[in-house]
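Work through the three exercises below with the structure open. Each task is followed by its solution.

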Amino acid sequence: MDLLDTLVAKGLNRELPTREEALAVLATADDDLLDVVAAAGKVRRKWFGRRVKLNYLVNLKSGLCPEDCNYCSQRLGSKAEILKYTWLKPEEAAQAATAGVAGGAKRVCLVASGRGPTDRDIDRVTDTIAAIKDADPGVEICACLGLLSDNQAERLAAAGVDAYNHNLNTSEATYGDITTTHTYADRVDTVQKAHGAGLSACSGLIAGMGETAEDLVDVVFALRELGSDSVPVNFLIPFEGTPLAKEWNLTPQHCLRILAMVRFVHPDTEVRIAGGREVHLRSLQPLGLHIANSIFLGDYLTSEGQAGQADLDMIKDAGFEVEGQGEATMPRHRSEYAEQFAGGCGTSGGCGSPADTSGAAPADGCGGHAGGACGPCGEPAQATAQASPDADDLREDLVRVRRRGAGTELAPNA
Ligand code: SF4
């Protein structure tokens with residue numbers, strides 16, 4: 001298959017595919033699915049071997065958000081019956097984080113609902129990080145607190161934060177359709193602030209919100225331009241009580257095609273299967289490990305995942321291994337690449353990244369809050385954002401609101 005051979009060769013050489021090639025991956029037929037997975041798997045193994053990085057979510061503050069992101073169960077006006085609580089005490093958060101680390105997580109992701117942190121909130125997170133690092137100094141910390149103001153990223157870095165998550169979620173062209181209380185540009189600005197402070201930028205997307213294939217390719221290319229070090233790929237969990245509750249647009253097969261497209265555009269970047277893994281990939285989750293090199297262990301912010309032990313069993317059964325604290329996630333050349341982005345490009349309102357106009361890789365180098373093209377056979381193929389799911393794909397039964405872990409009396413799932 002010419003398309004896949006080309007994409008493997010580019011991925012092994014860290015070259016950027018064309019938009020047409022990315023669209024063609026999304027348009028591949030189910031008959032070609034295993035070939036697509038195998039091709040993306042070659043690129044994944046080149047840069048990440050068989051390692052799987054485990055990340056553990058701790059929702060520091062849940063629900064009651066003043067923002068109106070349509071996909072989010074914590075949004076303004078949400079009727080979803082999620083846990084709602086204000087800031088966890090540092091020792092409560094540390095208890096949940098420690099459970100995740102004991103379960104195999106290398107990174108703890110500290111998330112809080114809201115538009116963005118106050119300076120007092122940064123103090124709270126600083127105390128929480130101290131409590132977590134007191135128990136395990138080697139754990140990686142990612143913060144996801146919404147839009148950042150000036151100097152907040154620097155304060156988080158000084159507190160021991162390694163990475164900052166803020167997702168672009170969807171294309172710039174459709175951003176206004178999913179959120180009206182902040183803009184795509186606001187999100188880009190926060191990712192740039194994080195990078196400028198020397199934090200690793202974690203920024204990804206949500207698939208399944210009714211977007212076109214072109215929108216998906218747009219956001220995945222934008223994330224590459226932004227220099228995201230890790231790209232969480234969320235599959236929309238259509239929560240009852242949110243505006244997108246009826247958006248069941250994904251099939252397991254199409255989720256794999258989306259993951260493969262992201263891998264080809266981000267060959268040497270951490271690609272994480274994020275929210276919606278169990279709901280949408282279902283029994284095909286192990287195939288996703290051949291493409292992505294990172295997942296969340298256990299539960300999500302407001303929904304429950306499969307048991308943490310089931311995650312570990314799946315990784316082992318599929319022939320992969322959990323990445324240890326002493327192992328580097330990124331290929332060595334990526335740390336030099338990251339340095340290019342620290343400090344941004346220095347232009348106000350600019351892209352924040354070194355120009356990449358060649359179509360090749362740059363020279364060697366918020367969680368929830370995570371057309372037409374040539375098909376593989378050479379025939380024109382219609383790229384669609386999503387396959388047409390049938391009634392069996394409407395799996396409301398798999399959406400389980402989180403009732404354990406942070407904010408409850410019950411033990412975390414890890
Ligand atoms: S994604 Fe974040 S900012 Fe948007 S509604 Fe949810 S918690 Fe609020």
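A residue is buried if 20 or more other C-beta atoms lie within 10 Å of its own. Keep in mind that this is a predicted model.

**Exercise 1. Take stock of the protein chain.**

Step 1. Apply the cut-off. Buried residues make up 54% of the 414 residues in the protein chain.

Step 2. Count the elements. The protein chain holds 14 helices and 12 strands.

**Exercise 2. Describe how helix α1 packs with helix α3.**

Step 1. Find the helices. Helix α1 spans residues 2–12, and helix α3 spans residues 33–48.

Step 2. Read the geometry. Their axes come within 9 Å and cross at roughly 10°. Angles under 35 degrees count as roughly parallel. Therefore α1 is roughly parallel to α3.

Step 3. List the contact. From α1 come L4, L7, V8, G11 and L12. From α3 come D35, V36, A39, K42, V43 and K46.

Step 4. Sort these residues by class. Seven are nonpolar, one is polar and three are charged.

**Exercise 3. Do the same for helix α2 and helix α10.**

Step 1. Find the helices. Helix α2 covers residues 19–26, and helix α10 covers residues 252–265.

Step 2. Read the geometry. The axes lie 8 Å apart, at an angle of about 155°. Angles over 145 degrees count as roughly antiparallel. So α2 is roughly antiparallel to α10. The crossing of α2 and α10 is right-handed.

Step 3. List the contact. α2 supplies A22, V25 and L26. α10 supplies R257, I258, A260, M261, F264 and V265.

Step 4. Sort by class. The contact of α2 with α10 has eight nonpolar residues, no polar ones and one charged.

Notes:
Residues are numbered from 1 along each chain as its sequence is written. This is a predicted model: local features need pLDDT of at least 70, side-chain atom pairs count only at pLDDT 80 or more; totals for chains, interfaces and linings use all residues. Axes are lines fitted to C-alpha atoms, for helices over the stretch in contact, and angles run from 0 to 180 degrees between N-to-C directions. Helices (H or I, at least four residues) and strands (E, at least two) are DSSP runs, numbered from the N terminus. Angles under 35 degrees count as roughly parallel, over 145 as roughly antiparallel, 65 to 115 as roughly perpendicular and the rest as oblique. Two residues are in contact if their C-beta atoms, placed from the backbone, lie within 7 Å. Ala, Val, Leu, Ile, Met, Phe, Trp, Tyr, Cys and Pro count as nonpolar, Asp, Glu, Lys and Arg as charged, and the others, Gly among them, as polar. A residue is buried if 20 or more other C-beta atoms lie within 10 Å of its own, exposed if 12 or fewer, and partly exposed in between; C-beta atoms are placed from the backbone. A crossing is left-handed if the near helix is turned anticlockwise from the far one by less than a right angle, and right-handed if clockwise.
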